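Reader: Hello! Could you take me on a close look at the place where the ligand sits, and then at the parts around it?

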Amino acid sequence: MIQLIRGFRDILPGEVELWQRIEATARDLFEGFGYREIRIPVMERTELFARSIGEQTDIVEKEMYTFPDRKGELITLRPEATASIVRAYIQHRLYAQEPVRKFYTIGPMFRRERPQKGRYRQFYQINVEVFGVASALVDAQLILMLVTLLERLAVEDVHVHANSLGCPACRPDFRKALSDYLASRMDRLCSDCRRRSEKNPLRVLDCKVPDCRDAMTGAPAITDHLCDDCRAHFDTFRRALDEQKIGYVIDPRLVRGLDYYTRTTFEVQTGSLGAQSAVAGGGRYDGLVKALGGPEMPATGFAIGLDRLAELVAARSEGTAPGPDVFIAALGDESRRRAFGWVCELGLDGVQAEMEYGDRSLKSQMKRANRLKARRVLIVGENELAAGRAVLRDMQTREQQEIPLPAVVEEIKALAAASRD
Ligand code: ATP
Ligand code: MG
């Protein structure tokens, strides 16, 4: 038997309803704030990710699914969505008429990480991005949407962590202070961090290795090195969060795994997921549109991990898919022919009807109706055909009634509608 690829998984019916509910809640919320859906491809030229995410990041260094296509061009299964959305924004000149554009997208991402609970090689994200607004107020609004989504899904125990990464004007100063600090602690860092400390010292702040974390207590905080503009931006952001009554903690070590972030960065963490505690992350990336060949254009956004969110929501709800509105137990060819017509007519009207297509006894058909958790069963055999009436049994009350054959569809529709209200 051929099994699926390690780190990949199937979302089966039974679980998928939960995902659909999350997605519908997200769409409804984002569209209410004026966000429009954008659908981008799952593959892009490798260069797009290498240039935007950054060569010295874990994603680009070791997690991407990259391969030459048949003509030798290097392509990559997208590890995240922002780069593609930026590419689309530039390619279609979406800024030309109105620079402020707000997008969301939902779909799979691919990273070749070590699979474990909450960490897959194909996972799903809900992404939200805003282009054309430099104000920190929009960063706060993004967080408002994020916490509202979690609230509407009744997810508890979530914490917003926020930081500012500064800008090209003030980050070099911080980098220098951090490099000096790292130089004095080099012997206590893991080999990855020793390498990172040269090329991308900020990444060391993010290392999960306990010894590195210990070595980093006492490291300089970026929030102490912000230039006046970045400080004012961060203050605006914090004030807006306070005004919206959104709780958060400032986390000066929060740097996130992609190079393109500037100023505001944030992550939503939960205590309910064990080691994989980040449910969502995001921030501002004011330099990326320009770096990828577009105009100077501020931008900000976030990505929610849908797999982890589904796990959080599942912990709080039982996803029982409803059974069919009716199961038609048909006996004999003629009854099955009639039943099939009803099943189709009901289905077209959104009333779920199932039937037995094979030649089975009434007993076995009743068993199957029970297994499917059918709300009611319609029984039609030779006697019923001759009498012109089928028998309808309510599976909860056990009550039975006879329905004239020409009225079957109308009657079942009416009952189904009534039991939905
Ligand atoms: P982590 O620190 O857990 O690796 P990350 O910083 O790499 O997360 P982002 O790139 O910010 O994650 O992606 C946003 C969200 O996507 C994360 O907060 C997480 O919920 C989810 N996510 C990231 N990688 C995976 C994965 N391999 N499997 C499942 N979900 C993931
Ligand atoms: Mg990661």
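Author: Happy to; here is a walk from the ligand to the sheet behind it, and then outward to the rest of the chain.

A word on the ground rules: this is a predicted model, in which local features need pLDDT of at least 70 and side-chain atom pairs count only at pLDDT 80 or more, while totals for chains, interfaces and linings use all residues. Residues are numbered from 1 along each chain as its sequence is written, chains are lettered from A and ligands numbered from 1 in the order in which they are written, and side-chain values use heavy atoms, with hydrogens and water left out.

Let us begin with the shell. Ligand 1 is surrounded by 15 residues, and the closest are Arg-111, Glu-113, Tyr-120, Arg-256 and Ala-278; a residue is near a molecule if one of its heavy atoms lies within 4 Å of it. Tyr-120 places a backbone N or O atom 2.9 Å from a nitrogen atom of ligand 1. Gln-125 has a polar side-chain atom 2.9 Å from an oxygen atom of the ligand, and Arg-308 likewise has a polar side-chain atom 2.9 Å from an oxygen atom of ligand 1. On its own, ligand 1 has 580 Å² of accessible area, and the protein covers 91% of that (areas come from the Shrake-Rupley method with a 1.4 Å probe).

Which elements give two or more residues to this shell? They are strand 6 (122-131), strand 10 (278-284) and strand 11 (299-305). Strand 10 provides the largest share, three residues. Helices (H or I, at least four residues) and strands (E, at least two) are DSSP runs, numbered from the N terminus.

These strands belong to an open sheet of eight strands in the order 1-5-6-11-10-9-7-8, with mixed pairing; two strands pair if DSSP finds at least two bridges between them. At the edges are strand 1 (36-37) and strand 8 (249-250), each pairing on one side only. Strand 6 and strand 11 run antiparallel and are joined by seven bridges, with Ile-126 standing opposite Ile-304 in strand 11. Helix 4 (residues 82-91) packs on this sheet and touches strand 5 (101-110) and strand 6, where contact means heavy atoms within 4.5 Å. The direction of helix 4 makes about 40 degrees with that of strand 6; axes are lines fitted to C-alpha atoms, for helices over the stretch in contact, and angles run from 0 to 180 degrees between N-to-C directions.

Another small group of strands is worth a glance. Strand 4 (residues 74-77) pairs antiparallel with strand 2 (residues 43-45) over three bridges, and Met-43 stands opposite Leu-77. Strand 4 also pairs antiparallel with strand 3 (residues 65-68), over four bridges, where Phe-67 has Ile-75 as its bridge partner. Strand 3 and strand 4 form a hairpin with five residues between them, and Gly-72 in the turn has a positive phi of about 90 degrees.

Stepping back, the chain is divided into domain 1 (16-170 + 226-315) and domain 2 (326-414), with bounds from an automatic or database domain assignment. Their C-alpha centres lie 50 Å apart.

There is also an open sheet of five strands, ordered 13-12-14-15-16 with mixed pairing. Strand 13 (353-355) and strand 16 (400-404) each have a single partner strand at the edges, so one side of each is left without a neighbour in the sheet.

Note on methods: Polar contact = N/O pair within 3.5 Å; in protein donor to acceptor, adjacent residues only side chain to side chain.
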